[in-house]
Each structure stands twice: as C-alpha cells, then as structure tokens.
Amino acid sequence: MSHHIVEVTDLEFTYPDGTPALAGVSFRITHGESVALVGPNGAGKSTLLLHLNGVLTPQRGRVRIGDVPLTRGTLPEIRKTVGMVFQDPDDQLFMPTVYEDVAFGPLNLGLPADEVARRVQEALERVGAWELRDRPPHRLSGGEKRAVAIATVLAMGPDILVMDEPSSNLDPRARRRLMELLAGFEHTKIIATHDLDMALELCERTIVMYRGRITRDGPTLDVFTDDLLLENSGLERPLGLRPCPACGSPRAGRQAASRTATRP
Amino acid sequence: MGSIEHAFLDLGRLDRLAHADTPIHRLDPRAKILATLVYLVTLVSHGKYEVSALLPYAVYPAVLAAQADLPLGYLARKLLVVAPFAVLVGAANPWLDRTPMLALGPLTVTGGWVSYASILVRFVLTIGAALVLVATTGFHGVCLGLQRLGTPRVMAVQLLLLYRYLFVLADEALRLVRARGLRSFGRRGTGIKVYGSLVGHLLLRTLDRARRIHVAMLCRGFTGEFRTLRSLRFRGRDWAFLVGWSALFLAFRMVNVPRLLGSLFV
C-alpha cells in the first residue's frame, strides 16, 4: 500500500463568511512527484493545502491520501503521512527549545524515548540545524527558523511534504540553501508558492489556480511559457524564462529551460 | 520605543543565564520553587511595621546569586524596572498613618514611613528571589516544576505559551505603534480612539495567530498533553536545599536576628 499518492476530487469549500475559496478542484499526485501550486493571492492555494491533512474538512468532494480517504477517524493516520510546513515558522515553533520543538511531534506519536532522540537528531542534521538544538526558537534568524520548521515535520517521518510559501521572507542565500535542501528530499512534495523561479527549478509539474479553480495542470516549463494562460491567471513569466535584462539575449531563459527539461 | 525593545531583549538574557551550569542550576526546579515559596510566605507574613526582622532574608537571594554566578548589576536593573509599582503602592502610607513610632533626636518617624520602608524592603527581597529563581531555573523549568508539583496542566501550558509568544506579540505591537508613529504628526493620531483600534487590531491578530498555532499543533499530533523529554529527579541534595533553607526562613520568622545580635552586644 502506497501512502504517497494524493488524490483530490471535486473539492469545494466556502468560508463561513460566504467567501468561496474552492470551486471544484480535482487532481492526482503520485509517488515522488514534486508539484508547484501557483496562483495569485486569494486563488485558494492555502485553503487547498489545509484540506490535504484535514485541518479543513471538505464541504463537497473527497480527499484521499494513498488508500485512505480523509475522514475524522483517519485524521491521525493522515497527519502522520502528510507533513505540513506552515508559511510563518513562528506559528510552528512553540516549544522552549529547538530540540523540544522537533521532539514534539514524535512524542505525540507515542514513540519511545530513544527513537524520539534518534529522529530529532536525524531531522535536525538533515536540515543542518543540529547545533541550534538548545536555542530558543524565537532567537533564530528567518532562515534558521524555516529549517527548524521543516525539521519538526521531517521528524514525524511523513511520506508527503506540503509547504506553504517555503521561500518567503528569506534572503537569497537562505533561499538557495532551502531549495537545495528541498531538492534532496525523496518525499512527494506539494509546494504552494509565488516564487515561480523556485517552482521552475524544483518542480517538474505545476498546478495553476485562479479564483478557486484549476486553470492548468501540466509540466512546469509548458505552463510558464504559456503567456496567455499566465495573463489570464494573474501571473507572469518567471525571471528565469525572460530575456536577460542586461544584454537582452534570451539565453538566461533557454538555460533554465534546458535545465528543467533534461532533469530525469 | 527603544525602551520596550530593550526590555524584551533583556528578557532573553534572563533566559541565557538559566542555561549556565552551576550547582544551583542543577538543582531540581521543584526544590527551588518550594524553597522560594516558603521564603515568600514567611517573609510576607511579618507584621506591617517590621523592617529589621526582614533584613536577614536577603541572605537567600544573595547566596544563590553568588553560587549561580548571576550578574548583580543586571538583576538590580531588572528590579528597577518593576520598582515604580512598589514605590507607588506604599507612597500614601506616610500621609495616612501619622502615629509616631520612634524618635531619632529631633526627628519623629511615623508609622507610615516605617510601613513604607517595610514595603520597599519586602519588594526588593521578593522580586529579587523570584528573579533569582527564574535566572537559575529558566522559565520553562519553572513551568515544568509547577506542573510536576500538581499545578493544573492547562495553567502550566498557558504560562509556557505566554512566555514563548511574548516576543512575537511584542514585536507585532511594536510594528503597529511604529506604523502609527510614522503617520501621526505631533499629537494628532495618538488619541484614545486610535489607541483603541490599535489594541483591537492587536487582539484580532493574536486570535488569528492562536488559531494558526493550534492548527500547527494539531498537525503534529497534539492531543492536549504536553509531553516532554526532560525527566526530573528529586535527589538528596534537593532535599537538603529545600529543608535547609526552609528551616532557616522559619527561624528568621520566629527570631528577630538583628535584635538578637543587638542584645548580645549591647
């Protein structure tokens, strides 16, 4: 049985104040895929993400993770499988020290102490934050907070990583490090982002959302070169696919394109 | 606004002090909490005109601060931050209570002045002891100890989260105040109405954040119980610390040490 598949069918959701957020969304993401979820503000990306591990329950439609349909009864199982990295790391890091924060999830899973210790160390080393373990989270830099937030999720041993704007508020170096980190993960990844260049590098597939609907679901390069679609969905070409602003040659674009295209 | 920022950064220093490793730091938090509790109760239970009998109590924070290598200047500054409260609380006493208590030559000291002095001494000693407790145990340690001592879990968790998000909240408040400052000129824009909406805004943001944090906790399997890796062990030296100091405080409560010393020499 594979837990790595995410299947959403005809998902609809309207907020209590009457704002429609999702108006019939369907897709299927399979094992090991890395998918970018893009769209302008208010397109419904975050609402969709909150459905994937049951923070919100569908008003209509279905969510399936692997063979398990998302219901109240399967929530614990689903939340173990789907790791969610929130946009603001301050929301995710609430324990007094980094170590305890990363241990929070595994302890809640009821794992024995030595297993918890092993997982915490593994997760923190994976994101390169092991030496931060005794620091209080509110004293970390933005990039460090983000890394630790990812470690808190990794420590739960999820098969699927769901991330909301992982590269927001990071300086260029920290963003680069984050992208290298994410590229090394073998998990199925779903990344909601405005950082289209990151999407171009990390994700072979892109889902475009606009006003609660999916307007396009296809290979990232095809999506980001379809100017009409981007225009109609409130987006624009990523910088990597535009002519070089200094010399006007389209080289920069082609390089990025070939890089994405040749990835296995 | 620099002062608020500074006050919060300073709080972080209290946190760092708690990370040191001295015999006092290594004591079980429960021993320190209970000893401090006995200290506070005995200290506060003295009569309202008592000053001299309170003085020996200074031994506890002084010895602990010395053994734990706490910087005294820093603790003194922290004391000053809260001082206005104590200074104001007792400020009316000298006017309300004019019974003459003792005469120093031509100067008559009234009961009000004596009780005011007593309040100030108590303030310095109690807050000093509390600061030393936090600086040697850490806020988290205090919460954990309280929980193990039987404080309802909800309270301990609330305290922990309050402390964690104090910084985030202060940051948000600071940004709001700064934004207001940039667009209000002179006294315009700083009135009570604007202040009201500012505070309301802060409340809404806080509620929003609380919801997001709760969601994040649920996503990591939170079921209402804070599990922790730290285990506490109450060892012999913890008992010694608790019993020794408590006995001393009780002795201070029953015997006025300065008067006893005085009567020995005079």
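This section describes the contacts, strands, helix packing and cores of a predicted model.

The interface between the chains was examined first. Contacts link 25 residues of chain A with 22 residues of chain B. On the chain A side, the elements that give two or more residues are α2 (75–81), α3 (89–92), α4 (98–108) and α5 (113–126). Of these, α4(A) gives the most, with six residues. The chain A side comprises 14 nonpolar, six polar and five charged residues.

Within chain A, strand β9 (residues 205–210) is mostly covered, with five of its six residues buried. Strand β9(A) pairs with β3(A) and with β10(A). Strand β3 (residues 34–38) of chain A runs parallel to β9(A), and four bridges join the two. In this pairing A:L37 stands opposite A:I207. Strand β10 (residues 213–219) of chain A runs antiparallel to β9(A), and here the bridges number six. A:M209 of β9(A) faces A:I214 of β10(A) across this pairing. The strands β9(A) and β10(A) form a hairpin with two residues between them. In that hairpin, A:R211 takes a positive phi near 50 degrees.

Residue A:L37 recurs in the nonpolar core. The largest such core holds 81 residues. The members that touch the most others are A:L37, A:V102, A:V148, A:A151, A:V162, A:I191 and A:A199. Helix α6 (residues 142–154) of chain A supplies the largest share of this core, seven residues. The surroundings of A:I191 were then listed, leaving aside its neighbours within four places in sequence. A:I191 is in contact with A:A36 and A:L37, which belong to the range of β3(A). Its other contacts are A:M163, A:P166, A:A199, A:L202 and A:C203. Two of the core members with the most contacts, A:L37 and A:A199, are thus among the partners of A:I191. A second, separate core has 35 residues, including B:L17, B:L70, B:L242 and B:F249.

In chain B, helix α4 (residues 59–67) has four buried residues: B:Y60, B:P61, B:L64 and B:A65. Seen down the axis of α4(B), the buried residues fall within an arc of 120 degrees, so they line one face of the helix. An α-helix has 3.6 residues a turn, so residues three or four places apart point the same way. The buried residues of α4(B) pack against five helices of chain B: α2 (23–26), α3 (29–44), α5 (72–90), α7 (111–137) and α11 (236–254). After α4(B) comes B:D69, whose phi is positive, near 60 degrees.

The domain assignment divides chain B into domain 1 (1–151 + 229–256) and domain 2 (152–225). The C-alpha centres of these two domains lie 30 Å apart. Their contact takes ten residues from domain 1 of chain B and twelve residues from domain 2 of chain B. On the domain 1 side, α1 (2–17) and α8 (139–148) of chain B are the elements that give two or more residues. Helix α8(B) gives the most, with five residues. By class, the domain 1 side divides into six nonpolar residues, three polar and one charged.

Methods: Residues numbered from 1 in each chain as written. Chains lettered and ligands numbered in written order. Predicted model: local features only at pLDDT ≥ 70, side-chain atom pairs only at ≥ 80, totals over all residues. Contact = placed C-beta atoms within 7 Å. Nonpolar A, V, L, I, M, F, W, Y, C, P; charged D, E, K, R; others polar. Buried ≥ 20, exposed ≤ 12 C-beta atoms within 10 Å, placed from the backbone. Pairing = 2+ DSSP bridges. Arc of directions from axis to C-beta. Core = buried A, V, L, I, M, F, W, Y, C linked by C-beta atoms within 7 Å. Domains from an automatic or database assignment.
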